[in-house]
Amino acid sequence: MTGRMIDSMNTPLPVVLAGARGHGRWHVENIRRLQKQGLVRLAGVCELTPLTEAELDGLGTPEQSADFGALLDSTGARIAVICTPIPTHTDLALTAAERGVHLLLEKPPAPSYAEFRRMADGVAAAGVVCQIGFQSLGSHALPAVRELIAEGAIGKLAGLGGAGAWVRNEDYFRRAPWAGKRRLNGVDVIDGALTNPLAHAVATALALGGSTRAEDVTGIETELLRANAIESDDTSCVRITTAQGHPVTVAATLCAEQADEPYVLVHGSTGRITFWYKQDRVLLQRAGHGPEEFEHGRTDLLENLVVHLTTGADLLVPPDETGAFMKVVEAIRTAPDPAPLPDTAWHRVPGENRRVVPGIDGLVAAAADTLSLYSELGAPWALTSEHLSKEVSTR
């Protein structure tokens, strides 16, 4: 076990939540659930505007402050949940680590590989435990799929594809000052389709293929485009070359014609496995057998962190297990700025305040199915020279 074990008699463990609105509301609900089970106690909330009594219903009267460090000191927190803007992650994580407070850090853990290393190295030096909030990596489907691969259920592993076709309206890119930005006030943000909303598709595909650590990635190709009037990509794909010898291609869009469940597709020489990671649902298709479908449970990552700290059970998503994902973030960060799609390649949906790229749903699926990039699939807006990806070696 890494880190310092906490006597299980100390549960419920006092938790401070930094960032309790937006996606942070999910963490409020989750802490409420775990508080009812007696595992944690919400001791503090760090927000610029304090939460109301209604927002804290069932959670008692936690201390509230906009000063994260002071809040950790005054509450005696043992765990900090950090769900704040991406550029703040590293400094807040180190603020907690310096005080001996363990961490659940939202994904993406940092906007650059250098910031990720500063966070991970600082946390390790402080001797505290850090869980990265890729909730899909808590799915029981992951070990089950890995076992199917290992036992040869689909023959030899040939590669993995990820597909995410989502719908986001234009207000989504105005939800916060950093939304849709690659940089803000000279600081990296890297809020793109593959690095934030559909980051799970990348991380899950890498995890299923056993390529989770930074050294597992040997090269990365990117194609980053945008239909919306933003800095970051909303329609993009990436192909990762791995030390394990199988490619990982993930395609994503926030400009889908129709929203669909994101998934990872595992390609084998004699079959394939589809994993809808938000649903913990698996479909096995292989030669000589009918299709088999399985539904799995999921371990909550905050709950896993508490159990790890109190019993020494394995931590599911320590920082080093997201190193490969962070190499992808770095490749996207250092790639040319996303190219705007021509006006003829997208249109607005009347009454829905969103932009759609016709045909993108099929292209996303085809990329995962063939492990190809958009330009290789013949997308006319991805064929011009400035859009063509250039592989970046990570060695």
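Here are some exercises with worked solutions on this predicted model.

**Exercise 1. Find out which domains line the largest pocket, and say where that leaves the pocket.**

Step 1: Start with the volume of the largest pocket, which is about 1200 Å³.
Step 2: Look at the lining. It has 39 residues, and the closest to the pocket's centre are R21, G22, H23, G24 and C83.
Step 3: Sort the lining by type: 17 residues are nonpolar, 13 are polar and nine are charged.
Step 4: Check the helices. α1 (24–36) and α3 each supply at least two lining residues, and the largest share, four residues, comes from α1.
Step 5: Now bring in the domains. Domain 1 (13–135) and domain 2 (136–297 + 319–387) both give residues to the lining, so the pocket lies between them.

**Exercise 2. Describe the largest cavity and what lines it.**

Step 1: Count first. You get one cavity of 30 Å³ or more, and about 40 Å³ of space lies in the largest cavity.
Step 2: Go round its walls. You'll meet L137, A203, L206, A207, T212, E321, T322, A324 and F325.
Step 3: Split that lining up: six residues are nonpolar, two are polar and one is charged.
Step 4: Match residues to helices. Both α6 (199–208) and α8 (323–334) supply at least two, with α6 giving the largest share, three residues.

**Exercise 3. Work out where the largest nonpolar core sits.**

Step 1: Pick out the well-connected members. The core has 101 residues, of which F68, I79, M119, I240, I273 and F325 touch the most other members.
Step 2: Ask which element gives the most to this core: that's α6, with eight residues.
Step 3: Use the domains again. Domain 1 (13–135) and domain 2 (136–297 + 319–387) both give residues, so this core lies between them.
Step 4: Zoom in on I240. Leaving aside neighbours within four places in sequence, its contacts include V202 and L206, plus H246, P247, V248 and V328.
Step 5: Don't miss the other core that lies apart from this one. It has 25 residues, among them L225, C255, A339 and A345.

**Exercise 4. Decide whether helix α3 is largely enclosed or not, and name what covers it.**

Step 1: List the buried residues of α3, meaning those under 20% relative accessible area. They are H89, T90, L92, A93, L94, A96 and A97.
Step 2: Compare with the whole helix. Seven of the ten residues in α3 (residues 89–98) are buried, so the helix is largely enclosed by the rest of the structure.
Step 3: Name the cover. It includes α2 (68–75), β4 (79–82), β5 (102–106) and α4 (113–126).
Step 4: Step just past the helix, and G100 takes a positive phi of about 75°.

**Exercise 5. Track down the backbone oddities at P108, N353 and L371.**

Step 1: Keep the usual picture in mind: most residues other than glycine have a negative phi, and most peptide bonds are trans.
Step 2: Check P108, in the loop between β5 and α4. A cis peptide bond joins K107 and P108, with omega about -15°.
Step 3: Check N353, in the loop between β18 (347–349) and β19 (354–356). N353 isn't a glycine, yet has a positive phi of about 50°.
Step 4: Check L371, in the loop between α9 (360–370) and β20 (392–393). L371 isn't a glycine either, and its phi is positive at about 60°.
Step 5: Add exposure. N353 is partly exposed, with a relative accessible area of 33%, whereas L371 is buried, at 15%.

Key:
Residues are numbered from 1 along each chain as its sequence is written. This is a predicted model: local features need pLDDT of at least 70, side-chain atom pairs count only at pLDDT 80 or more; totals for chains, interfaces and linings use all residues. Side-chain values use heavy atoms; hydrogens and water are left out. On a 1 Å grid over the protein atoms alone, a cavity is a set of points where a 1.4 Å probe fits but cannot get out, and a pocket is an open set with protein on both sides within 12 Å along at least five of seven lines; lining residues have an atom within 4 Å of a point. Grid points are joined across faces, edges and corners, and a volume is the space filled by probe spheres set on the points. Ala, Val, Leu, Ile, Met, Phe, Trp, Tyr, Cys and Pro count as nonpolar, Asp, Glu, Lys and Arg as charged, and the others, Gly among them, as polar. A nonpolar core is a set of buried Ala, Val, Leu, Ile, Met, Phe, Trp, Tyr and Cys residues joined through side-chain atoms within 4.5 Å. Buried means under 20% relative accessible area, exposed over 50%, partly exposed in between (1.4 Å probe, protein chains only). Domain bounds come from an automatic or database domain assignment. Contact means heavy atoms within 4.5 Å.
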